[in-house]
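These are my notebook entries on a two-chain model. I looked up how the copies are related, where they meet and how selected helices pack.

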2 protein chains.
Amino acid sequence: MIHALSATTDLMKHAAAPQLVIVGSIGIDTIETPREKRVEILGGSVSYACAAASFFVKPGMVGVVGTDFPAEHRALWEKMGIDLAGLQIEEGKTFRWSGIYEENMDNRRTLVTDLNVFERFMPELPEVYRDAPYLFLGNIAPELQLHVLEQVHSPKFVLIDTMDLWINIAREKLVEVVGRCDMLALNESEARLFTGAHSLMDAAEKLLAMGPRFVLIKKGASGSMLFSKESLFLLHAFPLGDFKDPTGAGDTFAGGLMGALAESDQTDEKSIRRAMLYGSVTAAFGVEEFSLERLEALDRTEIEARADQLKAMCRMD
Amino acid sequence: MIHALSATTDLMKHAAAPQLVIVGSIGIDTIETPREKRVEILGGSVSYACAAASFFVKPGMVGVVGTDFPAEHRALWEKMGIDLAGLQIEEGKTFRWSGIYEENMDNRRTLVTDLNVFERFMPELPEVYRDAPYLFLGNIAPELQLHVLEQVHSPKFVLIDTMDLWINIAREKLVEVVGRCDMLALNESEARLFTGAHSLMDAAEKLLAMGPRFVLIKKGASGSMLFSKESLFLLHAFPLGDFKDPTGAGDTFAGGLMGALAESDQTDEKSIRRAMLYGSVTAAFGVEEFSLERLEALDRTEIEARADQLKAMCRMD
């Protein structure tokens, strides 16, 4: 009897869904900034987002790498407390991306995009992931995002991210999947491209009309805006004197946000505002170094301290 | 006895210094935006700033116009409760300025600058203005700003504004006058030009080293930042779906700020943060129409309502 009970407990333990599942790209990046060039470093939206979320919950990662993927990257994710049951390893090379930031880091140009195994990526969620209450659909093709949505049972809150490419080539499918999510995250230019509106207020109204309860517009160093039909929340980015690499900042922000939200297990607007604050300060740490180098060395105490500092900087009375 | 007493009271009334004195330019502007062109409308830094301040105190205006200056503009200032004892009328034409805003209003080009009587402007403060506790040195040549500073007795708080022109051609004099003020206001690109620093954090540090207690960096629709040696305050701009003319927004912001500060008669940081909120929402009204057309129709109740809205939009917990 004791044996049987213990076996059941173990089974239940293994069978517990992660509180948060994140789907996205995994890449090996080569990045050049005005001051430095770094070759073949760990990147990709799901890597940044899971790393950020890991300060709040143990996120489940869904992504694909090739057989060339370095064991040390996998070890780093495990060290950070990321669940890798949803990581697929396919014969071939891992996705490679290369980009260069212009002076002042305001613009970047993509130099190389070798999709490799990512080209045939078909996100399949381990059975246990399908009961996850929080889901972040990182930036991949809308039909793959839809495929993920069709596998999950009844998530409490789904965040979807996207990019200009999908707005341009898969608009209809994107509108369909956005309509099934709770929150859409995108940057200023994407919001304008998606809606044809110049003013962000007008753009947000049109995006909300597609169905999500919330629209999050990311403005980089200028902060972010959370729109709902009834309200607007304005958040400053944590001001940084200097930073090394803005790659992945949006994914880190969204990952931290979803991690904090999943930890709180509340989906009201007040909880989302609080989660955005955590996402924002986590992203501000992330850009201080390349890849996950700063997040790897970060702890929750530092995040809390920076969140308190940002709140103090925004205090009006 | 009654007569004598009443005469003394009248005399004292007339002799009372304005709580706030503002010095700057007065122009007749011709402005073209992507949607509209307006010819010969009232403009100038001291006009915008005094109009904004008039919701909080009765500001004293120091500026110069030509004999061609339309009586209706003067009547409008009087209607708004602006004290015109410091307004000089010189033989000749009033300063003319003309500019065109590019698509999206992100950039503007100056088409015409006819200084006219403004070229020989020498700001002389009426005796009664010299005891004003609050002083706003709008954007004029640093040596004229210094000349004003030399006339005032012991102001509690002096704000100085400037522009790229003076940073380029009168840097030394500007540094001297900035060192004698409590707060310096300038925009992002001016902060970088003045200091050679790219990061606003570094720029602010260098500007604070020139002597002012506070440095205010204006970022237009992206809000503003108040730096002191010990603290940083981040303020969002009130989000607008649409606006007609951003001309004078910075002056309206600074004028509203100084008006609210002079009304509170406190110069601690908490009071400055609160005054910035008022300046910001006043400026957000101002840009809704050309010239003073929106401010002319505005009342304090609308300002308070928008201030409350902005506070609610920024609430984190």
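**Entry 1: symmetry.** For the comparison of copies, I took the superposition to be a least-squares fit on the C-alpha atoms of residues with pLDDT of at least 70 in both. I noted that pLDDT is the predictor's confidence in each residue, from 0 to 100. With that fit, I found that chain B is brought onto chain A by a rotation of 180 degrees with 0.0 Å of shift along its axis, at an RMSD of 0.0 Å. I therefore recorded the relation of a two-fold axis. In chain B, I found the C-alpha of S222(B) nearest the axis, 3.1 Å from it.

**Entry 2: conventions and confidence.** I noted that this is a predicted model, in which local features need pLDDT of at least 70 and side-chain atom pairs count only at pLDDT 80 or more, whereas totals for chains, interfaces and linings use all residues. Residues are numbered from 1 along each chain as its sequence is written, and chains are lettered from A and ligands numbered from 1 in the order in which they are written. I read ipTM 0.88 and pTM 0.90 for the model. For chain A, I read an average pLDDT of 94, with 95% of the residues scoring at least 70. Residues 1-13 of chain A stay under a pLDDT of 50, and the model has zero contacts for them beyond four places in sequence. A contact here requires that the C-beta atoms of two residues, placed from the backbone, lie within 7 Å.

**Entry 3: the interface.** I found 21 residues of chain B in contact with 21 residues of chain A. On the side of chain B that touches chain A, helix 8 (200-208), strand 13 (232-235), helix 10 (269-286) and helix 12 (300-313) each supply at least two residues. Helices (H or I, at least four residues) and strands (E, at least two) are DSSP runs, numbered from the N terminus. By class, I recorded nine nonpolar, six polar and six charged residues on this side of chain B. Ala, Val, Leu, Ile, Met, Phe, Trp, Tyr, Cys and Pro count as nonpolar, Asp, Glu, Lys and Arg as charged, and the others, Gly among them, as polar. Of the interface residues of chain B, 100% are also interface residues in chain A, so the copies meet through the same surface.

**Entry 4: helix 10 with helix 12.** I then turned to two of the elements at the interface. In chain B, the axes of helix 10 and helix 12 come within 9 Å and cross at roughly 110 degrees. The axes are lines fitted to C-alpha atoms, for helices over the stretch in contact, and angles run from 0 to 180 degrees between N-to-C directions. I therefore class helix 10 and helix 12 of chain B as roughly perpendicular to each other. Angles under 35 degrees count as roughly parallel, over 145 as roughly antiparallel, 65 to 115 as roughly perpendicular and the rest as oblique. Among the residues in contact, I listed Y278(B) of helix 10 and R306(B) of helix 12. The classes in this contact of helix 10 with helix 12 of chain B are seven nonpolar, one polar and one charged.

**Entry 5: helix 9 with helix 10.** In chain B, I found helix 9 and helix 10 packed at about 140 degrees, with their axes 7 Å apart. Helix 9 and helix 10 of chain B are therefore oblique to each other. The residues in contact include F253(B) of helix 9 and Y278(B) of helix 10.
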